[in-house]
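Biologist: I've got a model open and a handful of things I'd like to ask about it. Could you walk me through them one by one?

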Amino acid sequence: MDQVLAYLLLSASSAALSRNDVWVSRFGVDQFAKLINASGSMAFLAFIALGLSSVISAHRVFSSIP
């Protein structure tokens, strides 16, 4: 389940960041565009944290199997 959540998190943030590029090219940089960039960065960091958590969890599960 956490792998699905990580994929959805990364795909949603990449879609938002690509639309932000269009917004900036049409209207210029404003506070909204800066907030979208910050949100995309935080989503990428959350994806990394969720991925590491998944790897650690899988290691603990498979290392306990005799």
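Biologist: Is F47 buried, partly exposed or exposed?
Modeller: Keep in mind that this is a predicted model. F47 sits in helix α2, which spans residues 31–63. Its relative accessibility is 23%, and buried would need under 20%. So F47 counts as partly exposed.

Biologist: How far apart are the C-alpha atoms of F47 and V29?
Modeller: Along the chain, F47 and V29 are 18 residues apart. In space, their C-alpha atoms are separated by 26 Å.

Biologist: And what separates the C-alpha atoms of G51 and Q3?
Modeller: G51 also belongs to helix α2, and with 27% relative accessibility G51 counts as partly exposed. G51 and Q3 are 48 residues apart along the chain. Even so, the gap between their C-alpha atoms is 7.4 Å.

Biologist: Which residues does the UniProt annotation "transmembrane region" cover?
Modeller: Over the stretch in question, the chain is 100% helix and 0% strand, with its end C-alpha atoms 30 Å apart. The annotation comes from an unreviewed UniProt entry, and it covers residues 42–62.

Biologist: On to the rings. How is the pair of W23 and F27 classed?
Modeller: The count here comes to two aromatic pairs. In the W23 and F27 pair, the ring centres are 4.7 Å apart and the planes make an angle of 55°, which falls between the 30 and 60 degree cut-offs, so the pair is tilted.

Biologist: Why are W23 and F27 separated by about one helical turn?
Modeller: W23 is partly exposed at 34% relative accessibility, while F27, at 59%, counts as exposed. Both are in helix α1, and the separation of about one turn follows because they are four residues apart.

Biologist: What type of pair do W23 and F32 make?
Modeller: F32 is partly exposed, with a relative accessible area of 47%. The ring centres of W23 and F32 lie 5.7 Å apart, and their planes are at 65°. An angle over 60 degrees puts a pair in the edge-to-face class, so W23 and F32 are edge-to-face.

Biologist: Which residues do the ring pairs link into a cluster?
Modeller: One pair joins W23 to F27, and another joins W23 to F32. Put together, the linked residues are W23, F27 and F32.

Biologist: Which backbone oxygen does the side chain of S13 reach?
Modeller: S13 is in helix α1. At 11% relative accessibility, S13 is under the 20% limit and therefore counts as buried. Its side chain comes to 3.0 Å from the backbone oxygen of L10.

Biologist: Which backbone nitrogen does the side chain of D30 reach?
Modeller: D30 is in the loop between α1 and α2, and at 31% relative accessibility D30 counts as partly exposed. The side chain of D30 makes its contact at 3.1 Å, and the partner is the backbone nitrogen of A33.

Biologist: Last one: what is the area of the nonpolar surface patch made by M1, V4, Y7 and L8?
Modeller: M1 lies in the segment before α1, a helix of residues 2–27. With 80% relative accessibility, M1 is over the 50% cut-off, so M1 counts as exposed. Together with V4, Y7 and L8, M1 makes a nonpolar patch of about 510 Å².

Methods
Residues numbered from 1 in each chain as written. Predicted model: local features only at pLDDT ≥ 70, side-chain atom pairs only at ≥ 80, totals over all residues. Heavy atoms only, no water. Patch = residues over 30% accessible without salt bridge, like charges linked within 9 Å, V, L, I, M, F, W, Y side chains within 5 Å. Areas by Shrake-Rupley, 256 points an atom, 1.4 Å probe, with all protein chains shown as cover. Salt bridge = Lys/Arg side-chain N within 4 Å of Asp/Glu carboxyl O. Helix = DSSP H or I, 4+ residues; strand = E, 2+ residues; numbered from the N terminus. Buried < 20%, exposed > 50% of the residue type's maximum accessible area, 1.4 Å probe, protein only. Phe/Tyr/Trp six-rings, centres within 6.5 Å; stacked < 30°, edge-to-face > 60°. UniProt positions renumbered as here; feature names shortened; annotations may be inferred. Polar contact = N/O pair within 3.5 Å; in protein donor to acceptor, adjacent residues only side chain to side chain.
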